[in-house]
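Hello,

Here is the structure I promised to pass on to you. Please have a look at it first, and then read on for my notes.

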Amino acid sequence: MASALSLPDSAYVPVSATPIKVLIAGHFGVGKTTFVGSVSEIDPLRTEERITTASIGVDDLTGRGQKTTTTVAMDFGRITLPGDEFALYLFGLSGQMRFLPVTDELMQGAKGAVLIADTRTLDSSFPVADYLEKRRVPYAVALNQFDDARRQYDLAEVRTALDLRPETPLVRCDARDTSSCKATLITLFEYLISLVTPEHS
């Protein structure tokens with residue numbers, strides 16, 4: 001199934017493509033900007049600023065020593081599904097609560113979300129998941145495979161730790177890898193389709 005997404009020859013969206021707004025969510029420094037940049041068929045729009053001393057005591061940089069910038073509004077990218085039937089518009093959300101007003105605006109019209117999580121900081125995923133659920137945005141969880149993160153956790157253990165519903169998709173993902181990000185979006189897309197089938201209506 002991973003080959004179901006392919007990059008088009010043109011940077012323009014076919015007129016036949018139905019637009020679908022997808023959020024890329026997660027806490028600070030979890031890999032949202034990297035995810036959007038890896039999979040977007042267009043040059044992604046980024047709204048990043050350098051991390052300054054004002055972040056001390058506010059943004060947790062544990063395990064993210066090389067991180068020098070942060071998203072202050074959103075990242076934006078796009079990928080078109082084969083057959084020119086659907087175009088996924090990707091909106092990477094800021095991971096900091098102080099940018100919540102912008103995030104609230106970006107939530108409007110979203111059909112689904114990828115919630116990127118980190119096994120080193122799973123607790124930080126709870127507020128993001130709660131935020132999506134309160135706004136009734138269905139989501140899939142993607143465990144970003146950081147080099148220094150523990151990978152021996154069984155997905156069932158992570159599902160229990162995050163208290164996910166049985167139907168919520170949970171996959172491993174490397175936000176730096178295009179194929180891995182595509183596979184994650186396929187998982188989300190299939191989940192969204194399942195929600196509108198007769199048994200879910």
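Let me start with a detail of the backbone: which residue follows α3, and what is the sign of its phi? The residue is Arg136, and its phi is positive, near 55 degrees.

Before the rest, a word on the ground rules. This is a predicted model, in which local features need pLDDT of at least 70 and side-chain atom pairs count only at pLDDT 80 or more, while totals for chains, interfaces and linings use all residues. Residues are numbered from 1 along each chain as its sequence is written, and side-chain values use heavy atoms, with hydrogens and water left out.

**Overall picture**

The protein has five helices and seven strands (DSSP runs numbered from the N terminus, with H or I of at least four residues for helices and E of at least two for strands). Their order along the sequence is β-α-β-β-β-α-β-α-β-α-β-α. Of the 201 residues, 46% are buried; here buried means under 20% relative accessible area, exposed means over 50%, and partly exposed lies in between, with a 1.4 Å probe and protein chains only. The exposed area is about 10,500 Å², with 54% of it supplied by carbon and sulfur atoms (Shrake-Rupley method, 1.4 Å probe; for residues, only the protein chains shown count as cover). Among contacts with a separation of 6 or more, 74% are between residues 24 or more positions apart, where contact means heavy atoms within 4.5 Å.

**Two helices**

Helix α1 covers residues 32-39, and because six of its eight residues are buried, the helix is largely enclosed by the rest of the structure. The buried ones are Lys32, Thr33, Phe35, Val36, Ser38 and Val39.

In helix α3 (residues 125-134), the buried residues are Ser125, Val128, Ala129, Tyr131 and Leu132. They lie on the same side of α3, because they cover an arc of only 155 degrees around the axis (the arc is taken from the directions from the helix axis to the C-beta atoms).

**Strand β1 and its surroundings**

Val22 belongs to strand β1 (residues 18-25) and is buried, with a relative accessible area of 2%. Leaving aside neighbours within four places in sequence, Val22 contacts Leu88, Tyr89, Leu90, Phe91, Gly112, Ala113, Leu185 and Leu188. One of these partners, Leu185, is 163 residues away along the chain, with 9.1 Å between the C-alpha atoms of Leu185 and Val22.

**Aromatic rings and charges**

Rings of Phe, Tyr and Trp (its six-membered ring) pair if their centres lie within 6.5 Å; planes under 30 degrees apart count as stacked, over 60 as edge-to-face and the rest as tilted. By this rule there are three aromatic pairs. Phe86 and Phe189 form an edge-to-face pair, because their ring centres are 5.2 Å apart and their planes are at 65 degrees. This pair links distant parts of the chain, with Phe86 in strand β4 (residues 86-93) and Phe189 in helix α5 (residues 178-195), 103 residues apart. Phe86 is partly exposed at 22% relative accessibility, whereas Phe189 is buried at 16%. Elsewhere, Phe76, Tyr89 and Phe91 form one aromatic cluster.

Two charged side chains also sit over rings (NZ of Lys or CZ of Arg within 6 Å of the ring centre and within 35 degrees of the ring normal). The charged end of Lys21 is over the ring of Phe91, 4.8 Å from its centre, and Arg120 lies over the face of Phe146, at 4.4 Å from the ring centre.

**Cysteines**

How many disulfides does the structure hold? The count is zero, a disulfide being a pair of cysteine sulfur atoms within 2.5 Å. For Cys173, the nearest cysteine sulfur is that of Cys181, 4.3 Å away, which is too far for a bond. Cys173 is buried at 4% relative accessibility, and Cys181 is buried at 0%.

**The loop between α4 and β7**

This loop holds both Thr168 and Asp163. Thr168 is buried at 5% relative accessibility and touches Tyr139, Val141, Arg159 and Tyr191, not counting residues up to four places away in sequence. Asp163, by contrast, is exposed at 64%. The C-alpha atoms of Asp163 and Phe126 are 9.0 Å apart, with their positions 37 residues apart in sequence.

Best wishes
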